[in-house]
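The following report describes the fold of one protein, from its strand pairing to the surroundings of its ligand.

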Amino acid sequence: MKQSDFMKYNKILIVDAVSRNDGFTKKLVEFFKSNINAENVVTFETYKEKFKFCDGCNFCEENERCKYKDLDLFMSEFETVDLIVFATPVYNGMVSAPMKALIERFQPYYSYFYKHQKTQKIEKRRSAIILASAGRDGETALEYIVTQYKYAFSVTNIEFIGSAFCNFTDTYPNLLKAENEIKDILERMDLQ
Ligand SMILES: Cc1cc2nc3c(=O)[nH]c(=O)nc-3n(C[C@H](O)[C@H](O)[C@H](O)COP(=O)(O)O)c2cc1C
């Protein structure tokens, strides 16, 4: 690994929307963490953080920021890290509720993007990967989830790198497949 590649992903933010500590998504997060070579990993646990929902007030349209300040610290990490890992179980064919709520708080980035002729509010280009688990096949849900994220990534200056997906957790969990997907991603990113 070249030193330049190592430096490229020096700081990693894990956005954890996982409710079960002994569940499969957490296992993917732990597997990811134990296989990376990065100096600085911070985690934002959405189930523990009490943040406001976006209420569509359009304050951000006028003021280029949210009227709520409760996510300011998170947003400053989100805007400046090198890599963001979004971890969520599949609930009702989508991301879990706090993850959905967090994505909705990206509304200031959407409004800035369209107000300024598709200019990114966030200067730094970052990368993101998605870790997810589903009780059943979940492939359609995963496609839908990735599409949802790609909308968000398009206005938050993020390049989507890939996803690792543990499905059939209700019966025969495909954990090895998901771990191999993580390894593939890490190899591609030179993060191992
Ligand atoms: C509220 C809720 C909704 C769920 N919806 C789905 C679903 O739409 N599709 C699916 O395949 N599994 C669904 N599941 C099963 C979870 O995706 C599965 O248990 C997964 O392993 C949860 O992640 P975890 O192991 O990290 O907790 C649901 C589970 C819950 C609690």
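Two strands are taken to pair if DSSP finds at least two bridges between them. By this criterion, strand β3 (residues 83-89) and β4 pair in the parallel sense over 7 bridges. The model is a predicted one, and residue numbers count from 1 along each chain.

**Overall architecture**

The secondary structure of the protein comprises 8 helices and 5 strands. Read from the N terminus, the elements follow the order α-β-α-β-α-α-β-α-α-β-α-β-α. The radius of gyration is 16 Å, close to the 16 Å that the globule rule gives for 192 residues, so the protein is as compact as a globular protein of that length. The C-alpha trace spans about 50 × 40 × 30 Å along its principal axes. Of the 192 residues, 32% are buried. Among contacts with a separation of 6 or more, 79% are between residues 24 or more positions apart.

**Strand pairing**

The strand pairs described in this report are collected below.

| Strand pair | Sense | Bridges |
|---|---|---|
| β1 (residues 11-16) and β2 | parallel | 6 bridges |
| β3 (residues 83-89) and β4 | parallel | 7 bridges |
| β4 and β5 (residues 158-166) | parallel | 8 bridges |

Strand β4 (residues 126-133) is mostly covered, with 8 of its 8 residues buried. From β4, the residues R126, A128, I130 and A132 point one way, while S127, I129, L131 and S133 point the other way, and all are buried. On the side of β3, V85 has I129 in β4 as its bridge partner. Towards β5, S133 stands opposite C166. β4, helix α7 (residues 139-154) and β5 together make a right-handed β-α-β unit.

How many residues of strand β2 (residues 40-45) are buried? The number is 0 of 6, so β2 lies largely in the open. Its pairing with β1 places D16 opposite E45 in β2. The chain crosses from β1 through α2 to β2, and this β-α-β crossover is right-handed.

**The environment of F32**

Residue F32 is located in helix α2 (residues 24-34). Is F32 buried or exposed? A residue is buried if 20 or more other C-beta atoms lie within 10 Å of its own. F32 has 23 other C-beta atoms within 10 Å and is therefore buried. Leaving aside residues up to four places away in sequence, F32 touches V85, L131 and I182. Two of these contacts can be followed into the strands discussed above: V85 is the bridge partner of I129 in β4, and L131 is one of the buried residues of β4. The C-alpha atoms of F32 and L131 are separated by 9.2 Å, although the two residues lie 99 residues apart along the chain.

**The ligand shell**

The ligand is surrounded by 18 residues, of which the closest are G23, T25, P89, G135 and T169. Which element contributes the largest share of the shell around the ligand? That element is α2, with 3 residues. Helix α2 is thus a recurring element in this account: F32 belongs to α2, and the crossover from β1 to β2 passes through α2. By residue class, the shell divides into 7 nonpolar, 8 polar and 3 charged residues.

Note on methods
Predicted model: local features only at pLDDT ≥ 70, side-chain atom pairs only at ≥ 80, totals over all residues. Helix = DSSP H or I, 4+ residues; strand = E, 2+ residues; numbered from the N terminus. Buried ≥ 20, exposed ≤ 12 C-beta atoms within 10 Å, placed from the backbone. Contact = placed C-beta atoms within 7 Å. Right-handed = clockwise from strand over helix to strand, strands pointing away. Near = placed C-beta within 6 Å. Nonpolar A, V, L, I, M, F, W, Y, C, P; charged D, E, K, R; others polar. Rg over C-alpha atoms; globule rule 2.2 N^0.38 Å.
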